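User: I am new to this structure and would like a close look at a single part of it. Please start with the overall picture, then go through that part residue by residue and end with what surrounds it.

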Amino acid sequence: MQALLAYLVDSCLKTYSRSATTCYVALHPQVKGISGKYFSNCNLDATSSQANDAQLAEKLWNFTENLIKENQPGSR
């Protein structure tokens, strides 16, 4: 079963699906136990400088929090 799953992820999904990386990270035994890393095209990859920017992360968090509050039922 594992061999079949690996084949599907490595061959079919990579070629035919835009969600191949998501499927690979979720299902492939090679990445078991890896957490908090960035994957691109089914490979571990470096993050952008924006992904490591704590101030930008806080700004996005606050923006999203306000957006959610504004769009809750009864907030208008």
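Analyst: The answer below goes from the whole chain to helix H2, then to the residues that follow H2 in sequence.

The model is predicted, so local features are given for pLDDT of at least 70 and side-chain atom pairs for pLDDT 80 or more, while totals for chains, interfaces and linings use all residues. Residues are numbered from 1 along each chain as its sequence is written, and side-chain values use heavy atoms, with hydrogens and water left out.

The protein chain has 3 helices and 2 strands. These are DSSP runs numbered from the N terminus, helices being H or I with at least four residues and strands being E with at least two. Along the sequence the pattern reads α-α-β-β-α.

Confidence is given as pLDDT, the predictor's confidence in each residue on a scale from 0 to 100. Its mean over the protein chain is 85, and 83% of the residues reach 70 or more. Among the elements, helix H1 (residues 2–16) has the lowest mean pLDDT, 67, and helix H3 (residues 54–70) the highest, 95. Where pLDDT is low, the predicted coordinates should not be read in detail.

Of the 76 residues in the protein chain, 12% are buried. Buried means under 20% relative accessible area, exposed means over 50%, and partly exposed lies in between (1.4 Å probe, protein chains only). The accessible surface of the chain comes to about 6,600 Å², and carbon and sulfur atoms hold 54% of this surface. Such areas come from the Shrake-Rupley method with a 1.4 Å probe, and for residues only the protein chains shown count as cover. Contacts, meaning heavy atoms within 4.5 Å, can also be sorted by distance in sequence. Of those between residues at least 6 apart, 9% join residues at least 24 apart.

Now to H2 itself. The helix covers residues 20–27 and includes Thr-21. Three of its residues, Ala-20, Thr-21 and Tyr-24, are buried. They cover an arc of only 95° around the axis, which puts them on the same side of H2; the arc is that of the directions from the helix axis to the C-beta atoms. On the other side of H2, Thr-22 and Ala-26 are exposed.

Thr-21 counts as buried because its relative accessibility is 18%. Setting aside residues up to four places away in sequence, Thr-21 touches Phe-39, Ser-40, Asn-41 and Cys-42. Three of these partners can be taken in turn.

Phe-39 lies in strand E1 and is buried, with a relative accessible area of 13%. Leaving aside neighbours within four places in sequence, Phe-39 is in contact with Thr-21, Tyr-24, Val-25, Val-31, Ile-34, Leu-44 and Asp-45. The C-alpha atoms of Phe-39 and Val-25 are separated by 7.8 Å, although the two residues are 14 apart along the chain.

Asn-41 and Cys-42 both belong to the loop between E1 and strand E2 (43–45). Asn-41 is exposed at 59% relative accessible area, whereas Cys-42 counts as buried at 8% relative accessibility. Phi of Asn-41 is near 50°, a positive value in a residue other than glycine. Cys-42 is not a glycine either, and its phi is positive at about 65°.

The loops before and after the strands add two more distances. Lys-37, in the loop between H2 and strand E1 (38–40), is exposed, with a relative accessible area of 56%. Its C-alpha atom is separated by 8.5 Å from that of Thr-47, which is 10 residues apart along the chain. Ser-48 sits in the loop between E2 and H3 and counts as partly exposed, at 40% relative accessibility. The C-alpha atoms of Ser-48 and Tyr-38, also 10 residues apart along the chain, are separated by 9.8 Å.

In short, the buried residues of H2 include Thr-21, and the partners of Thr-21 include Phe-39 and Cys-42.
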